[in-house]
Amino acid sequence: MVVAPEIRKIGIIGLGSMGAGIAQLAVEAGYEAIGREVTAELGQQARGRIAHFLQRKVDKERMSADDRDAALARLTLTTDLAELAGCDLVIEAIVEDLGAKLALFADLEEVVRSDAILATNTSALSVTEIAAAVAEPARVVGMHFFNPAPLMPLVEIVRAELSSSEAVEAAYAVGERMGKHPVRCHDTPGFVVNRVLIPLLNDCLRVLDEARVSPEDLDTAMTAGAGWPMGPCTLVDLVGIDVHVHASEALYEKLREPRMAPPPRIVAMKNAGLLGRKSGRGFYTYE
Ligand SMILES: NC(=O)c1ccc[n+]([C@@H]2O[C@H](COP(=O)([O-])OP(=O)(O)OC[C@H]3O[C@@H](n4cnc5c(N)ncnc54)[C@H](O)[C@@H]3O)[C@@H](O)[C@H]2O)c1
């Protein structure tokens with residue numbers, strides 16, 4: 001396939017937690033961006049969150065007011081997919097549902113130019129399976145940002161079975177221009193970070209019961225003894241216990257390795273509504 005000679009305009013589909021952060025990165029990096037949400041109200045809410053975060057940068061003297069205004073002026077919003085026609089790259093960040101992503105990619109291909117690159121921010125679905133929705137899968141790659149996207153330095157650039165090298169390298173270059181540390185990897189369940197981190201955290205949680213260590217002492221053990229920047233219970237509380245259980249189940253479903261399965265203790269916590277920081281209580285209690 002022929003990829004766009006230069007990425008100038010980026011479409012972002014779905015402006016939830018991840019999409020709004022990715023749109024912010026795009027406009028801060030100087031790209032023209034168009035964000036598509038299902039309703040105009042959701043789009044405006046996302047713009048409000050982006051404006052809030054940019055204002056915080058201005059307050060901390062990390063950005064000038066002029067740069068904030070210029071960045072916001074580069075972001076347009078739409079509910080109409082057809083308005084993404086002029087994009088050189090589209091990054092999809094809608095709900096983590098294969099059927100919804102397949103339908104969207106099929107529609108998207110009808111709208112964009114033949115040299116536009118299509119990226120998905122999926123965490124746990126197969127990029128190759130999503131790429132199968134389009135006639136030209138060579139143009140599809142994964143761009144897996146971490147939450148919160150504006151702050152987390154990593155982006156995994158995922159090569160699906162049929163991705164072209166041009167599409168992979170173009171996505172890598174966009175990640176770099178957004179100020180990230182991109183890494184290239186192939187399309188395997190969990191990619192790099194979650195493939196390592198999910199079973200590791202599950203091991204930590206099993207040790208809570210096996211060694212009858214308290215969450216506080218387990219966190220101390222891993223920070224003071226293994227040099228972790230944050231203990232595993234603190235980390236799972238921060239990520240969200242429901243998010244961790246969901247990611248574990250998705251990896252277990254794909255790999256069938258017992259270590260991937262969420263320990264019953266944490267599933268029970270999720271079912272009880274103990275979701276970590278966001279619910280005020282998980283392994284720890286928050287104000
Ligand atoms: N939250 C995370 O920690 C995280 C991290 C990395 C990757 N991801 C991935 O990013 C994607 C989005 O996750 P999220 O946490 O931002 O979800 P979210 O629920 O916060 O946002 C999804 C948004 O997509 C919108 N949407 C749904 N269908 C749409 C469509 N057809 N067109 C336009 N907008 C549509 C919804 O209205 C919603 O605002 C998922 O694939 C998820 O796996 C999430």
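**View 1. Ser-123 meets the ligand in this predicted model.** Here a nitrogen atom of the ligand lies 3.2 Å from an N or O atom in the Ser-123 side chain. Zoom out a little, and the protein turns out to cover 75% of the 840 Å² of accessible area that the ligand has on its own.

**View 2. Two ligand contacts through oxygen, at Glu-96 and Met-18.** At Glu-96 it's the side chain that takes part: one of its N or O atoms is 2.5 Å from an oxygen atom of the ligand. Met-18 uses its backbone instead, with a polar atom there sitting 2.8 Å from a ligand oxygen.

**View 3. The ligand in its pocket.** The space that the ligand takes up is the largest pocket. Which elements give two or more residues to the shell around the ligand? They are helix 1 (17–28) and strand 6 (140–145). The ligand has 19 residues around it, and the ones that come nearest are Met-18, Glu-37, Glu-96, Lys-101 and Ser-123.

**View 4. Arg-177 over Tyr-31.** Now for the rings. The charged end of Arg-177 is parked over the Tyr-31 ring, at 3.9 Å from the ring centre.

**View 5. Arg-184 over Tyr-172.** Here's another arginine sitting over a tyrosine: the ring belongs to Tyr-172, and the charged end of Arg-184 is 3.8 Å from its centre. And how many aromatic pairs does a search of the whole structure find? Zero, so don't go looking for a close-up of one.

Definitions and conventions:
Residues are numbered from 1 along each chain as its sequence is written. This is a predicted model: local features need pLDDT of at least 70, side-chain atom pairs count only at pLDDT 80 or more; totals for chains, interfaces and linings use all residues. Side-chain values use heavy atoms; hydrogens and water are left out. Rings of Phe, Tyr and Trp (its six-membered ring) pair if their centres lie within 6.5 Å; planes under 30 degrees apart count as stacked, over 60 as edge-to-face and the rest as tilted. A charge sits over a ring if NZ of Lys or CZ of Arg is within 6 Å of the ring centre and within 35 degrees of the ring normal. A residue is near a molecule or strand if one of its heavy atoms lies within 4 Å of it. A polar contact is a pair of N or O atoms within 3.5 Å; within protein, one must be able to donate a hydrogen and the other to accept it, and residues adjacent in sequence count only if both atoms are side-chain atoms. Accessible areas come from the Shrake-Rupley method with a 1.4 Å probe; for residues, only the protein chains shown count as cover. On a 1 Å grid over the protein atoms alone, a cavity is a set of points where a 1.4 Å probe fits but cannot get out, and a pocket is an open set with protein on both sides within 12 Å along at least five of seven lines; lining residues have an atom within 4 Å of a point. A molecule sits in a cavity or pocket if more than half of its atoms lie within 2 Å of its grid points. Helices (H or I, at least four residues) and strands (E, at least two) are DSSP runs, numbered from the N terminus.
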